[in-house]
There are 2 protein chains.
Amino acid sequence: MEQNKLLNLILDNMKKIFFPEDWLEIDMKLSKTELFTLLIIERHGEAIMSQIANKINVSMSTATGIIDRLVKKKYLSRARSESDRRIVLIRLTKKGKQIVNDIKDSINYYLNTIFKSLNEEEVRVLSNIIVKIINALSEEKLVENKETREKSSLKKIEIE
Amino acid sequence: MEQNKLLNLILDNMKKIFFPEDWLEIDMKLSKTELFTLLIIERHGEAIMSQIANKINVSMSTATGIIDRLVKKKYLSRARSESDRRIVLIRLTKKGKQIVNDIKDSINYYLNTIFKSLNEEEVRVLSNIIVKIINALSEEKLVENKETREKSSLKKIEIE
DNA sequence: ACGAATAGTACGAATTACGTAATATCTTGC
DNA sequence: GCAAGATATTACGTAATTCGTACTATTCGT
């Protein structure tokens, strides 16, 4: 498949690929950004504002707004760091943990749908492919600052 | 790789995966929605409002706004259909065609970065995988109306 | 201890999206 | 061949989201 076909395939199926939440329907009054933010925070256990802004690719002031809303909805709590009182630690509340679990269940259902359709060879190769893709994108000279790669589950993944 | 790891991988690398436009930097004053809209229209040669709204997954009134902006920017033209005067045909202008070419060049550069990192077996399997994934998502009972699949490059792709 | 750097928030403007109502044009049944 | 309903789209006001800039608080470096 040449790249052109691939692009057309993506364009024709954009809805299914990029808007699974239509049928994932996590009942929710959560925007896509808010959803990703919750997942990111759960991933880190606890996060600081600048990490969050960086990960979801928005300005600090935008991040403040997003966190404001999620705190208002009782999914998150803010707390000042003791060691550095400029820093604000963002954590999931019980309610937040619960909705993250619901979200992850939905995502897993979505991923299951995909994995079920693949045979063993494909699953095996897919793992390598995904890692390689991310590594390839990481190598792009234009990819920003070093901190991006900090703490990541991936700096440079070794394929077993 | 289990699904959990996959999800973490995606979360950790969200920026690279979902915001390539940071370094694709098609100079542009185009939002992501506008960019996709232009690609969709080029894909169809000419498109009507309801098709566009459906493809990019927004309401008709939102689509009107998006097209308004792109017409104002001279990338698109509006014309009433002769056969059915309710219908508005959206077409790319010369300027529009040009920017779409620029965008596609950028996307191809991005895709090249990915493909270059894969060996032959991986490329071969990847094609099948992508098709299977899309088919799997298409089969989901919850996926909306039949028209979605009309005119698609994919109803159900046969793997050669 | 003072100026520069860092972390975050406040605030107002701009952009984008959405819901509802309105307009214009077909289509269908009688 | 015309009224009633269906379809395609736009208008308009509102809500949600994002952004840039200025401001506050705290820490770091020398």
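**Contacts, symmetry and DNA surfaces in a predicted two-chain model**

Beyond its neighbours within four places in sequence, I107(B) is in contact with L7(A) and L39(B). The model is predicted. I107(B) sits in helix α7 of chain B, which spans residues 94-116. Its relative accessibility is 14%, so I107(B) counts as buried; the cut-off for that class is under 20%.

A second residue also links the two chains. K15(A) belongs to helix α2 of chain A, residues 14-18. Its side chain makes a polar contact of 2.5 Å with the side chain of N54(B). K15(A) has a relative accessible area of 13% and is buried.

The nonpolar interior was examined next. The largest nonpolar core holds 83 residues. Within this core, L38(A), L76(A), L38(B) and L76(B) touch the most other members. For L38(B), neighbours within four places in sequence were again set aside. The remaining contacts of L38(B) are L30(B), L70(B), Y75(B), L76(B), L92(B), I99(B), V100(B) and I103(B).

Chain A contains eight helices and three strands. Read from the N terminus, its elements follow the order α-α-α-α-β-α-α-β-β-α-α. Chain A has 160 residues, and 46% of them count as buried. Contacts in chain A between residues at least 6 apart in sequence were also sorted by separation. Of these, 46% join residues at least 24 apart.

The relation between the copies was then considered. Two copies of a chain are related by a rotation about an axis and a shift along it. Here, a turn of 180 degrees with a shift of 0.0 Å along the axis lays chain A on chain B, at an RMSD of 0.0 Å. This is the relation of a two-fold axis. Of the interface residues of chain A, 100% are also interface residues in chain B, so the copies meet through the same surface.

DNA strand D is surrounded by 22 residues. The closest are T62(A), R85(A), R86(A), S50(B) and R78(B). Of the strand D atoms that come within 4 Å of the protein, sugar and phosphate account for 67%. Several polar pairs involve phosphate oxygens. An N or O atom in the side chain of T62(A) is 2.7 Å from a phosphate oxygen of strand D. For S50(B), a backbone N or O atom lies 2.8 Å from a phosphate oxygen of this strand. A polar backbone atom of V88(B) is 3.1 Å from a phosphate oxygen of strand D.

Three helices each supply at least two residues of the surface near DNA strand D: α6 (60-72) of chain A, and α5 (49-56) and α6 (60-72) of chain B. The most comes from α6(A), which gives four residues. By residue class, the surface near strand D divides into seven nonpolar, nine polar and six charged residues.

DNA strand C is also surrounded by 22 residues. Its closest residues are S50(A), R78(A), T62(B), R85(B) and R86(B). Sugar or phosphate supplies 69% of the strand C atoms within 4 Å of the protein, and bases supply the rest. A polar backbone atom of S50(A) is 2.8 Å from a phosphate oxygen of strand C. Two threonine side chains add further pairs. A polar side-chain atom of T64(A) lies 2.9 Å from a phosphate oxygen of strand C. For T62(B), the distance from a polar side-chain atom to a phosphate oxygen of this strand is 2.8 Å.

The elements that give two or more residues to the surface near DNA strand C are α5 (49-56) and α6 of chain A, together with α6 of chain B. Here α6(B) gives the most, with four residues. The residues of this surface comprise seven nonpolar, nine polar and six charged.

Backbone geometry was checked last. Most residues other than glycine have a negative phi. N57(B) is not a glycine, yet its phi is positive, at about 65 degrees. N57(B) is placed in the loop between α5 and α6 of chain B. Its relative accessibility of 22% makes N57(B) partly exposed. K74(B), also a residue other than glycine, has a positive phi near 70 degrees. K74(B) lies in the loop between α6 and β2 (76-80) of chain B. With a relative accessible area of 55%, K74(B) is exposed.

Terms used
Residues are numbered from 1 along each chain as its sequence is written. Chains are lettered from A and ligands numbered from 1 in the order in which they are written. This is a predicted model: local features need pLDDT of at least 70, side-chain atom pairs count only at pLDDT 80 or more; totals for chains, interfaces and linings use all residues. Side-chain values use heavy atoms; hydrogens and water are left out. A residue is near a molecule or strand if one of its heavy atoms lies within 4 Å of it. A polar contact is a pair of N or O atoms within 3.5 Å; within protein, one must be able to donate a hydrogen and the other to accept it, and residues adjacent in sequence count only if both atoms are side-chain atoms. Ala, Val, Leu, Ile, Met, Phe, Trp, Tyr, Cys and Pro count as nonpolar, Asp, Glu, Lys and Arg as charged, and the others, Gly among them, as polar. Copies are superposed by least squares on the C-alpha atoms of residues with pLDDT of at least 70 in both. Contact means heavy atoms within 4.5 Å. A nonpolar core is a set of buried Ala, Val, Leu, Ile, Met, Phe, Trp, Tyr and Cys residues joined through side-chain atoms within 4.5 Å. Buried means under 20% relative accessible area, exposed over 50%, partly exposed in between (1.4 Å probe, protein chains only).
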